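Open your viewer and get ready to click along. We will go from stop to stop, and at each one you will find out what to select and what is there.

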Amino acid sequence: MQAVIFVAPPAAGKGTQSDLLCEKYNYLHISTGDLLREECQKESLEALYIKEKMEAGELVDDSLIGTLLEKKLTGNTSNFVLDGFPRNLKQAKLLDDILEKHDIENLYVIYIDVTYEEASKRIINRLSCPNCKRVYNDVIEELKPLHSGLCDSCNVQLVKRSDDNIETFTKRFNLYLEETKPLIDYYKNDNCLYVVDGSSDKMTIFNKIVEILTNK
Ligand code: AMP
C-alpha cells in the first residue's frame, strides 16, 4: 500500500491536489482539518476546545489528532492521501507508527513550495463546499465555481472558513515555518521527499505529482 503526505503552508493547494489525486487513483482522502471541523459540530467540551484552537490558528493536541486518524484508518484497505498531517515532529513519529501498523510500504512526501505573499493572496478569496469540501476561489480563474457562490457538484452555497482571515492566516503560516517546514529534514534522508513549485497553476502542479508517483 502507499500513502501521500504534504509538507506545505496553508493555501498551498493541498486540498485541491488531494481531490485530484483521489479522483485519478481512487485514494481515500483524509483531511485532518475536515475531521476536526466535523468534530466541531458536536456538543461537547472537546468540540469547544477544537473550535477555539482552529479559530486562533493554533495546532490541536497531537494525541487527539492521532485518535481521529486511527479511527478513520481502522479497516481501511485503500491507498490514501493525508491532507494536513503531520504538522510537527511528534506527528511525524506518530505517522511512522501508523504506516507500520497499516502495512504502508511506500510513502511519498510532497513539499509544495509557496511564498507567504502568494498563499495570502489565495486565502482571502478562498471558499469551500460545506458538503463535499471542495475548495474554490473567487478570483483565481481555474478555481472559480461555474455559478458564482455555488458548488459545481452539490449545488449548495459555498462558505468561507472562519480561520481564512489575514490575521489567523499569518499565525498559521508562521506556525508552518516553525513546526511543519522542518519536517523536510526529517524526510530528506529517506528518499521519499519531492519538491514541487506551488506557484504554478493547479494542473501543472498535479501533473508534476503524477510524474513523481509514476516514476518512483
Ligand atoms: P487545514 O484544514 O489543514 O488548513 O487545518 C485547519 C486547522 O485545523 C489548523 O489551523 C489547525 O488548527 C487544525 N489542524 C488541522 N490539521 C491538524 C494537525 N495535523 N494537527 C493539529 N492541528 C491541526
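Start by selecting helix α2, residues 32-40. In this predicted model, helix α2 gives the most to the shell around the ligand, with four residues.

Now show the whole shell. Which residues come nearest to the ligand? Of the 16 residues around the ligand, the nearest are Thr32, Arg37, Glu58, Gly84 and Gln91. Try colouring the shell by residue type: you should get six nonpolar, four polar and six charged residues.

Next, zoom in on the polar contacts, one at a time.

- Select arginine 37: an N or O atom in the side chain of arginine 37 is 2.9 Å from an oxygen atom of the ligand.
- Select glutamine 91: here an N or O atom of the side chain is 2.8 Å from a nitrogen atom of the ligand.
- Select valine 60: this time a polar backbone atom is involved, 3.0 Å from a nitrogen atom of the ligand.

How much of the ligand does the protein bury? Taken alone, the ligand exposes 480 Å², and the protein buries 97% of that.

Go back to α2 and add helix α3, residues 45-56. The axes of α2 and α3 come within 8 Å and cross at roughly 130°. Angles over 145 degrees would count as roughly antiparallel and 65 to 115 as roughly perpendicular, so α2 is oblique to α3. Turn the view until one helix lies in front of the other: α2 passes α3 in a left-handed crossing.

For a second pair, select helix α1 (residues 14-25) and helix α9 (residues 202-215). Their axes come within 10 Å and cross at roughly 55°, and these two helices are therefore oblique to each other as well. Is the crossing of α1 and α9 left-handed or right-handed? The crossing of α1 and α9 is right-handed.

The last two stops are about the backbone. Most residues other than glycine have a negative phi, and most peptide bonds are trans. Keep that in mind as you look at two loops.

Select asparagine 26, in the loop between α1 and β2 (28-31). Asparagine 26 has a positive phi of about 65°, although it is not a glycine.

Finally, move to the loop between β3 (80-83) and α5 (89-101), where you will find proline 86. Show phenylalanine 85 too, and look at the bond that joins them: this is a cis peptide bond, with omega about 0°.

Methods. Residues numbered from 1 in each chain as written. Predicted model: local features only at pLDDT ≥ 70, side-chain atom pairs only at ≥ 80, totals over all residues. Heavy atoms only, no water. Near = heavy atom within 4 Å. Polar contact = N/O pair within 3.5 Å; in protein donor to acceptor, adjacent residues only side chain to side chain. Areas by Shrake-Rupley, 256 points an atom, 1.4 Å probe, with all protein chains shown as cover. Nonpolar A, V, L, I, M, F, W, Y, C, P; charged D, E, K, R; others polar. Axes fitted to C-alpha atoms, helices over the stretch in contact; angles between N-to-C directions. Parallel < 35°, antiparallel > 145°, perpendicular 65-115°, else oblique. Left-handed = near helix turned anticlockwise from the far one by under 90°.
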